[in-house]
Amino acid sequence: MTVRVRFAPSPTGEPHIGNVRTVVFNWLFARKMGGRFILRIEDTDRTRYQPESIPIIMEGLRWLGLDWDEGPGLEELRRSGVENAEAYGVGGPHGPYVQSERLERYREVAEELVERGWAYRCNCSPERLERVRRMQRARKLPVMYDRHCRDLPPGAVSPDEPHVIRLKVPLTGQTVVHDVIKGDVVYDNAGIDDQVLLKSDGFPTYHLAVVVDDHDMRITHIIRADHWIPSTPKHILMYEALGWDIPTYCHVPLVLGEDGKPLAKRHGATSVTQFRDQGYLPEALFNFLALLGWAPGEGEEQEIFGREELIERFDLFRVNRAPATFSYSKLDWMNGVYIRGLSQDDLLERLIPVWQRAGLVPDPCPEDMRATLRRVVPLVQERLKRLTDVVDLTEFFFSEIEPPSAVLLMQKGLDAGQSLEVLRRARYVLTQVEDFSEERVEGVLRGLVEEMGLKNRQVFGVIRVATTGKKVSPPLFGTLSILGRQRVLARLEAAEAVLGVSSKS
RNA sequence: GCCCCCAUCGUCUAGCCAGGUCUAGGACACAGGCCUUUCAAGCCUGCGACACGGGUUCAAAUCCCGUUGGGGGCACCA
């Protein structure tokens, strides 16, 4: 049987990265098994519904390379208000893949459950339900529906009046969740609530919809976050009532934030688009996510895995039972590894939009500027953890700098007079040097160090601060060469003025 | 309150299922050093964990029980 798994986001905002990690597991498992990865939109909560989040979710998946084999088709997406539906419409043989388009089907199944004696109509008011719950809490009893309508005579609640349909959970016996990661989890039926399946607005609850859709869409493995475990017995009861095959459950742990709490919006950068905007590479994030809660084992000590390698090695049944904490510092390291592994051309193409967003480079990027940027790339490549780091590191190439303060200019062991001397002589040799290639610049400046009997760090330090305005910069000779003679001489002169004034005073 | 899940360095993990090869291995982070024009990168070294208590066994990180700690669920939300 072909493996079929799904990601079923609710369009109420952007999924956070912990959720995305679970998607990565789904996708990896599907690809590993030669199966199908299905995208389904669970939009049954009309109060929290945000249609604009649908394309954002899809864009995030696509950016990470998580392509889906079946999912909402063109027309479905259009009806959901997705503007560039043609970019994302996929369709498939088991649609519709948007739950609000499947209302009739849920009603049909709910009615079937009623007919089979596995569900019943209930017209209890929200006020009464709340009263019951309050009482239960006060008496420290399990909080659940008191089954007031469960044994009403047939027809006591008219199908025409507003009502919900509830699952009629057996009062005795046990239901076992066979989970491939957690093992067998046993629940007493007596502790399972008579869950609402069909809401009074005609929409299904998650519990009905997920069972119907997973069955209709022939899902074989349900890989989802483990906070769903407690509601799984209800789902199993429904499969049994309907005579349907029960899928294989794989409840994977939640991803924790650095405070040990499950990852949520308040943890800062948590959506895929935010990671993208902060300069993370999709291949690095993907690699990192795959290793969050899973490891190849067998003594394997490699950490950097390409997509194909991960597909080949991924083993769903080895996923950790315990939750993992999302570590930004390790992600940063891994991202740096991937940046260093990029070809210079590739890195250039990824950096240009970053410079553009920072307002340092016009869009489109002029050809001559591109040529200059091409020279900057090797200077910064091994210094970047995130693409966005390039802004601070290279800003001085694009705009004029404020002449640095005397304090910043002076290096260890040099006073203002000596520093000034360094700048004057540097300006002299750089005026004389026949061209401004990195090699020539290096040659004359090293000669200057020799002549003055100073240390490399002293001479190069003063020049660095004078020309970049910072103590930390890319390698000096390449930097000067790119800046060009004119700008370098001007900046040296401006710095001399600063020191000249301060040495007189 | 009731139900459920989880537990190896600060973090991600290997080892656990098929007890001995584990004075517990790797990675990130951190500290120190080397290299060096700054910062990185790279290399070397260091720091650092089987939550606790019982039991089973010749032998337990590995199996069992309990405790503690953390987390999740208990909606006409997903």
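**Entry 1: the RNA strand**

I began with a backbone contact: a polar backbone atom of Lys471 is 3.2 Å from a sugar or linking oxygen of RNA strand B. I then listed the elements that give two or more residues to the surface near this strand, and they are α5 (126–138), β4 (164–167), β6 (183–188), β11 (324–325), α11 (328–341), α18 (456–468) and α19 (476–483). I note here that the model is predicted.

I next looked up two side chains that make polar contacts with the RNA. For Trp333, a polar side-chain atom lies 3.5 Å from a phosphate oxygen of RNA strand B. For Arg383, the partner is a base nitrogen of RNA strand B, and the distance is 2.2 Å.

Which residues come nearest to RNA strand B? Of the 65 residues around the strand, I found that these are Lys199, Lys261, Glu382, Arg383 and Arg464. Arg383 thus appears in this list and also in the contact with a base nitrogen.

I also asked what share of the RNA atoms within 4 Å of the protein belongs to sugar or phosphate. The share is 72%, and the rest of these atoms belong to bases. I sorted the residues of the surface near RNA strand B by kind and obtained 27 nonpolar, 15 polar and 23 charged.

**Entry 2: a hairpin**

I turned to β6, which is among the elements listed for the RNA surface. Strand β5 (residues 174–179) is joined to β6 by six bridges, and the two strands run antiparallel. β5 and β6 form a hairpin, with three residues between them. As an example of the pairing, I recorded that Gln174 has Asp188 in β6 as its bridge partner.

**Entry 3: salt bridges**

How many salt bridges does a search of the whole structure find? The search gives 42. I examined three pairs and one network.

The first pair I wrote down is Arg128 with Asp146, whose side chains meet in a salt bridge at 2.7 Å, N to O. Arg128 lies in helix α5 and Asp146 in the loop between α5 and β4, so this pair ties together parts that are 18 residues apart in sequence. I checked the accessibility of both partners. Arg128 has a relative accessible area of 17% and is buried, because the limit for buried is under 20%. Asp146, with 34%, is partly exposed.

For the next pair, Arg313 and Glu309, I recorded a separation of 3.9 Å between the closest N and O atoms of the salt bridge. Both residues belong to helix α10 (residues 307–313); they are four residues apart, so about one helical turn separates them. Arg313 counts as partly exposed at 29% relative accessibility, and Glu309 is partly exposed with a relative accessible area of 28%.

I then took Glu496 and Arg427, whose side chains meet in a salt bridge at 2.7 Å, N to O. This pair links distant parts of the chain: Glu496 is in helix α20 (residues 485–504) and Arg427 in helix α16 (residues 416–432), 69 residues apart. Is Glu496 buried or exposed? Glu496 is buried, with a relative accessible area of 8%, whereas Arg427 is partly exposed at 25%.

Last under this heading, I noted a network of salt bridges that links Arg6, Arg40, Glu42, Arg102, Arg105, Glu108, Asp213, Asp214 and Asp216.

**Entry 4: aromatic rings**

I searched the whole structure for aromatic pairs and found 14. One of them is Phe275 with Tyr280, a tilted pair with 5.5 Å from centre to centre and 55° between the planes. Phe275 is buried, with a relative accessible area of 0%, and Tyr280 is buried as well, with 3%.

Phe275 also pairs with Tyr328; here the centres are 6.2 Å apart and the planes make an angle of 10°, and the pair is stacked. Why does this pair tie together separate parts of the sequence? Phe275 lies in helix α8 (residues 272–277) and Tyr328 in helix α11, so the parts joined are 53 residues apart in sequence. I noted that helix α11 is also among the elements listed for the surface near RNA strand B.

I closed by writing down the aromatic cluster that contains these rings: Phe275, Tyr280, Phe288, Phe326 and Tyr328 form one cluster.

Definitions and conventions
Residues numbered from 1 in each chain as written. Chains lettered and ligands numbered in written order. Predicted model: local features only at pLDDT ≥ 70, side-chain atom pairs only at ≥ 80, totals over all residues. Heavy atoms only, no water. Near = heavy atom within 4 Å. Polar contact = N/O pair within 3.5 Å; in protein donor to acceptor, adjacent residues only side chain to side chain. Nonpolar A, V, L, I, M, F, W, Y, C, P; charged D, E, K, R; others polar. Pairing = 2+ DSSP bridges. Salt bridge = Lys/Arg side-chain N within 4 Å of Asp/Glu carboxyl O. Buried < 20%, exposed > 50% of the residue type's maximum accessible area, 1.4 Å probe, protein only. Phe/Tyr/Trp six-rings, centres within 6.5 Å; stacked < 30°, edge-to-face > 60°.
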